[in-house]
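Reader: I'd like to learn how to read charged side chains in a model. Could you walk me through a case?
Author: Gladly; let's put the structure up and start with one residue.

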Amino acid sequence: MFTVAIVGQPNVGKSSLFNRIVKAQDAITSSKAGTTRDFKKRDVVIDENKEITLIDTGGLEDRNELFNKVKDKALEIASTADLILFMADGQKYPDDIEIRYFRNLLKLKKPIWLVLNKIDNDKLGQMVHEYYELGAKEIFTISVTHNRGVTKLINEVARITPENKITEPILAPDEDLPLEELLAMKEAPKVEKKDIKVSIIGKVNVGKSSLLNALLGEERSIVSDVDGTTIDPINETVYFNDKLITFVDTAGVRRRSKIKDIEKYALMRTEKNLEESDMTLLVIDAKNGIAELDEKIAGLVDKHRTAVIIVMNKWDETKAEYKKFVDNVRLKFKFLHYAPVIAVSALTGRNIDKLKDLVLKVYTNYSRRISTSKLNETIKQATQRHYLPTDKTKPVKILYAVQYETAPPRIALIMNRTHLHFSYRRYLANYLRERFDFEGSPILFTVRKRGEKYDEDKEND
């Protein structure tokens, strides 16, 4: 597919242009330089028969080890793109560093267009003369905020993009719509999901990005010892054993008192990803042990009812130490008692293939459906073994049960009374787990009277 990379120095509006073209508040934007630290890519239709892969890159700057990696990744992406959009702040004069970056990119012998952003009026458009010395053959003046010139830029991209087969067209933005209205447009109806979405979450610096790279078998995510390297969620899809798995590397979670600046948006994105995910890889730093914050992060998994695997990263201890650590995990995460635990090393690749196999196994359990006859037979056996507690001396009976949803499994218990103690719910869930493989998956019960409609407040594990 035709690839278009947006590059440039920090804080020139690269992520804002990316959001404008993909019609979503996808990349995190802020006035703070260096907000984008990795790259983000999306496939977007820009004309009736033309689709491109658009890539938003981190800023080109020499600041420290982390941002040198960001710069190197951006230049690497530019070298493989079919078209480079070099963005600059049109309200400023070009500096020596900017000129150097642009001229070095010219050496790639690829189409490179100079895009001057923040040209909010015709008077500011006169600044374009200052940029002629860069040697650009194509110069576009735009204002992403006011949507000046953006459609013209997209049309020119479409003009040089080869035709390719598309399915669901997403037209270029309407020139008359302000950015706020465009981002508020309703999303297209969801189509049937054909891949497994897996969020990787954990504290800062526990090795989530290294784990993503190990799972993909490539250096997709920037890895650094600097806390908070990942801000934007990074997602990549791999094909494994006839299944498409989309792994999402989320920003590391801190204590709320230590969350700074744009990290509050990163935390919101992490929660949003959990809402949309089928499964969570809860990553723990095995070298440093389990902290109170790990338990709070685990609570997010429980809240969003995803399937879950607890991943002990940076593991290089003995089997005896492994058993001791797992016992501690079970003690700290009692509410995730159903989650399998696996020890891996993202650095050496230890057990990474086993983790992929486990992802598929847990997803199968998460999607498991029990026939109504087998379910009722099992529930009957459970109630015969341990009778239901009475409700104020009045007998409580389960008339019948039906599983009405998967991913996660949701079971309606039709009863003569809607009183069911939480301990008995837990007993029923455990009894089902003994007879059916639900490892890694929550089981949710809804208690209803005959003819009563579904009530989400009555749902529990």
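Reader: Is aspartate 302 buried, partly exposed or exposed?
Author: Bear in mind that this is a predicted model. Buried means under 20% relative accessible area and exposed over 50%. Aspartate 302 has a relative accessible area of 25%, so it is partly exposed.

Reader: Which residue does the side chain of aspartate 302 meet in a salt bridge?
Author: The general idea is that side chains of opposite charge can pair when their charged atoms come close. Here the partner is arginine 305, with 3.4 Å from N to O.

Reader: How many salt bridges does a search of the whole structure find?
Author: The search finds 18. Let's look at some that involve helices. In one of them, lysine 272 pairs with glutamate 276 at 2.6 Å, N to O.

Reader: How are glutamate 276 and lysine 272 separated in helix H7?
Author: They sit four residues apart in helix H7 (residues 263-276), and therefore about one helical turn separates them. As for accessibility, glutamate 276 is partly exposed at 37%, and lysine 272 is partly exposed at 41%.

Reader: Where do glutamate 292 and lysine 296 lie?
Author: Both belong to helix H8 (residues 292-304), again four residues apart, about one turn of the helix. These two residues form a salt bridge in which the closest N and O atoms are 3.8 Å apart. Glutamate 292 has a relative accessible area of 46%, so it counts as partly exposed.

Reader: Which residues do salt bridges that share partners join into one network?
Author: Lys197, Lys272 and Glu276 are joined that way.

Reader: What about charges outside salt bridges? Which residues form a negative surface patch?
Author: For a patch, look for like charges on residues that have no salt bridge. In this model, Asp95, Asp96, Glu130 and Glu133 form a negative one. Glutamate 130 lies in the loop between strand E5 (112-117) and strand E6 (138-141). A patch residue needs over 30% relative accessible area; glutamate 130 has 33% and counts as partly exposed.

Reader: And for the wider setting, how many helices and strands does the protein chain have?
Author: There are 12 helices and 16 strands. Of the chain's 461 residues, 52% count as buried. Its accessible surface comes to about 23000 Å², and carbon and sulfur atoms account for 48% of that area. Among contacts with a separation of 6 or more, 70% involve residues 24 or more positions apart.

Note on methods:
Residues numbered from 1 in each chain as written. Predicted model: local features only at pLDDT ≥ 70, side-chain atom pairs only at ≥ 80, totals over all residues. Heavy atoms only, no water. Helix = DSSP H or I, 4+ residues; strand = E, 2+ residues; numbered from the N terminus. Buried < 20%, exposed > 50% of the residue type's maximum accessible area, 1.4 Å probe, protein only. Contact = heavy atoms within 4.5 Å. Areas by Shrake-Rupley, 256 points an atom, 1.4 Å probe, with all protein chains shown as cover. Patch = residues over 30% accessible without salt bridge, like charges linked within 9 Å, V, L, I, M, F, W, Y side chains within 5 Å. Salt bridge = Lys/Arg side-chain N within 4 Å of Asp/Glu carboxyl O. Lys, Arg positive; Asp, Glu negative; His and termini not counted. Charge placed at Lys NZ, Arg CZ, Asp CG, Glu CD.
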